[in-house]
Every structure is written in structure tokens, then in C-alpha cells.
Amino acid sequence: MCSVITLSRVTAVHRALALRATTEGWSCAATEARRHWPGVGYSCDPLRAQRRSYCSRMAQKTGPLFRQLFEHESSTYTYLLADKDTKEAVLIDPVLETLDRDLKLVHELGLNLKVAVNTHCHADHITSTGLMKKRLVGLKSAISKFSGASADILLLEGDKISFGKHHLSVRETPGHTDGCVTLVTEDQSMAFTGDALLIRGCGRTDFQQGCPKKLYQSVHQKIFTLPEHCLIYPAHDYLGQTVSSVAEERQFNPRLTKSQDEFVDIMNNLNLPKPKKIDISVPANLVCGVHQV
């Protein structure tokens with residue numbers, strides 16, 4: 001009788017210790033994952049957590065270094081990606097006001113910034129690419145050929161921006177402007193959508209060659225055709241959201257889940273005030289951000 005009780009107690013203790021170890025391992029993995037992917041939700045199921053943390057570790061070993069940076073006045077996200085071995089890097093949508101911050105980070109991480117690229121000719125802030133080129137020898141600027149802006153590299157559909165063993169593929173996604181592009185990592189795990197697709201929204205279409213029909217087709221044909229797990233990183237967010245996914249936006253985006261005709265009607269009746277800095281930002285960005293700066 002006593003031996004049965006002892007065995008039960010030992011089994012119970014072993015189960016408790018195993019559960020504790022699993023839970024502690026998940027807690028550590030979840031903390032690490034949140035640090036690298038803020039804004040992504042995580043389940044409390046230990047078994048699911050172990051599988052996800054394993055995938056996260058694999059991604060950290062094979063994927064590029066990645067940093068998401070924020071400029072509060074225009075609510076603009078700037079993205080830094082780099083090859084961990086060669087240290088070659090690319091910067092997406094840099095902002096004039098955060099030039100020193102971005103250069104400091106590049107220096108601290110020991111990176112060789114090769115290209116500073118804009119997803120389109122912005123109307124709400126001035127890009128820092130022009131002045132950044134003056135402070136980093138060999139840096140090249142890039143923007144869509146159809147933006148009407150000057151740059152060292154004029155991008156077209158299918159072009160690749162290489163940094164070390166990685167690259168970003170260019171997908172033309174006009175509609176917010178004629179020169180909008182979406183930049184996609186080589187494994188299609190991340191897409192930098194500029195203003196074409198925002199988190200639960202999209203760029204406006206009432207100025208700078210805007211066309212709601214063209215934007216709808218761009219998103220559905222060039223972004224929503226990416227894998228469902230592909231993470232969406234927009235140029236702006238005004239609610240503190242940091243990342244979405246193709247699956248989420250296909251299901252929950254309140255504008256782009258409508259029919260094309262409904263979308264066009266929504267976009268034609270937004271009646272938004274024009275961006276505060278449009279009169280100085282657009283002329284400056286057409287010349288790489290160095291006009292009267």
C-alpha cells in the first residue's frame with residue numbers, strides 16, 4: 001500500500017517538474033520572441049510555444065539583421081536590414097529628422113550601408129537620403145523610376161536590391177502614387193509596403209497621381225498573392241501598431257476586403273485634409289531630399 005502511494009507521489013512530482021521546465025522554457029522563448037517581433041501575439045500553450053520558438057531561433061540564424069525604427073512627427077517607420085556576415089545593409093524610408101539616430105545605429109552595429117531606398121515620393125516628410133549620402137562614402141539612393149524623383153538607382157518591377165547574401169525584390173504597387181513599390185525579402189517572409197498597404201488601412205489616393213482602382217489592383221495582385229505568413233511592414237502607422245501579415249490584411253482590412261467598386265467609393269469620399277508638409281516635402285523628395293535643406 002505504501003509503495004503505491006510513494007510511486008504516485010513520485011509520478012506527481014515528476015509531472016510537476018516537467019510542467020515547470022516546459023513553462024519556464026516557454027517563458028524565456030516568448031520573452032526573446034517579443035524582443036525581436038514586437039506586436040506579434042503569442043499563445044500560452046507550451047507545446048505550441050516550443051514549436052514557434054524553434055522556428056524563431058532558426059529565423060534568427062538564417063535571416064538578416066532587422067531593426068524597425070520610428071519617427072514620431074510623421075509616424076514614419078524606417079527599416080534597417082543587414083547581412084550578419086558581410087555587414088552590408090540597406091535602409092528603407094529614412095527621415096531627415098532622424099538622420100543622426102540612423103547613422104549612429106549603423107556605426108554602432110558596424111554596418112556598411114549600401115543603399116537607402118524610398119518606397120515612394122513621400123508627401124508628409126523629407127527623406128534623409130540626400131544628406132546621408134554626403135556623410136557615408138559609397139552610399140547610393142534608390143526610388144521607383146515612375147516616381148519622377150532623382151536617385152542613383154531607378155527601380156523597376158523585378159529588380160533586386162542586394163546586401164550580402166540577401167536581397168529585396170521590387171514589386172511595383174502604384175495607386176497611392178505612380179511610383180510606389182513594395183520590397184519583399186528573398187524568402188517572402190517580410191514585405192515593406194510603403195503607403196500602398198497599411199495595417200488595417202491603405203494610402204490615400206486623392207493627390208500625387210492617386211488612383212483607387214489602381215491601388216486596389218496593386219494590393220490584390222502584388223501583395224495579397226504573397227504567402228499568408230508574410231509579415232507586412234508599412235511606412236506609417238498612427239495607432240502604434242508595428243506589424244501585420246498578409247493573412248490578417250486579407251481577412252480584416254476594412255477597405256481592401258470590399259469589392260473594387262466599394263473600395264473606389266470609399267477612397268473617393270474620405271475628404272481628408274492635405275498633409276501639412278506636402279508643399280515642402282514633395283519638391284525636396286523629388287531631388288533626393290536636398291532641396292532647401
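## Exercises on a predicted model

The largest cavity in this predicted model is lined by Asn118, Thr129, Ser141, Ala142, Ile143, Ala149, Ser150, Ala151, Asn285 and Cys288.

**Exercise 1.** Determine which strand gives the largest share of the lining of the largest cavity, and how the lining divides by class.

*Solution.* Begin with the residue list, which includes Ser141, Ala142 and Ile143, and set it beside strand S5, which spans residues 140-144. Strand S5 contributes three residues, and this is the largest share of the lining. Next, sort the lining by class, which gives five nonpolar, five polar and no charged residues. Finally, add the volume: the largest cavity holds about 40 Å³ of space, and the structure has one cavity of 30 Å³ or more.

**Exercise 2.** Describe the second largest pocket by its volume, the residues nearest its centre and the classes in its lining.

*Solution.* Start with the volume, which is about 750 Å³ for the second largest pocket. Then turn to the lining of 28 residues, where Asp124, Arg204, His236, Tyr238 and Pro275 lie nearest the centre. Sorted by class, the lining of this pocket comprises ten nonpolar, eight polar and ten charged residues.

**Exercise 3.** Work out how helices H5 and H7 are oriented to each other, and which residues meet between them.

*Solution.* First locate the two helices, H5 at residues 212-223 and H7 at residues 260-267, whose axes come within 9 Å and cross at roughly 130°. Because of that crossing angle, H5 is oblique to H7. The crossing of H5 and H7 is also right-handed. Then follow the contact itself, in which Pro212, Lys213, Leu215, Tyr216 and Gln217 of H5 meet Gln260, Phe263, Val264 and Met267 of H7. The residues of this contact between H5 and H7 comprise six nonpolar, two polar and one charged.

Notes
Residues are numbered from 1 along each chain as its sequence is written. This is a predicted model: local features need pLDDT of at least 70, side-chain atom pairs count only at pLDDT 80 or more; totals for chains, interfaces and linings use all residues. Side-chain values use heavy atoms; hydrogens and water are left out. Axes are lines fitted to C-alpha atoms, for helices over the stretch in contact, and angles run from 0 to 180 degrees between N-to-C directions. Helices (H or I, at least four residues) and strands (E, at least two) are DSSP runs, numbered from the N terminus. Angles under 35 degrees count as roughly parallel, over 145 as roughly antiparallel, 65 to 115 as roughly perpendicular and the rest as oblique. A crossing is left-handed if the near helix is turned anticlockwise from the far one by less than a right angle, and right-handed if clockwise. Contact means heavy atoms within 4.5 Å. Ala, Val, Leu, Ile, Met, Phe, Trp, Tyr, Cys and Pro count as nonpolar, Asp, Glu, Lys and Arg as charged, and the others, Gly among them, as polar. On a 1 Å grid over the protein atoms alone, a cavity is a set of points where a 1.4 Å probe fits but cannot get out, and a pocket is an open set with protein on both sides within 12 Å along at least five of seven lines; lining residues have an atom within 4 Å of a point. Grid points are joined across faces, edges and corners, and a volume is the space filled by probe spheres set on the points.
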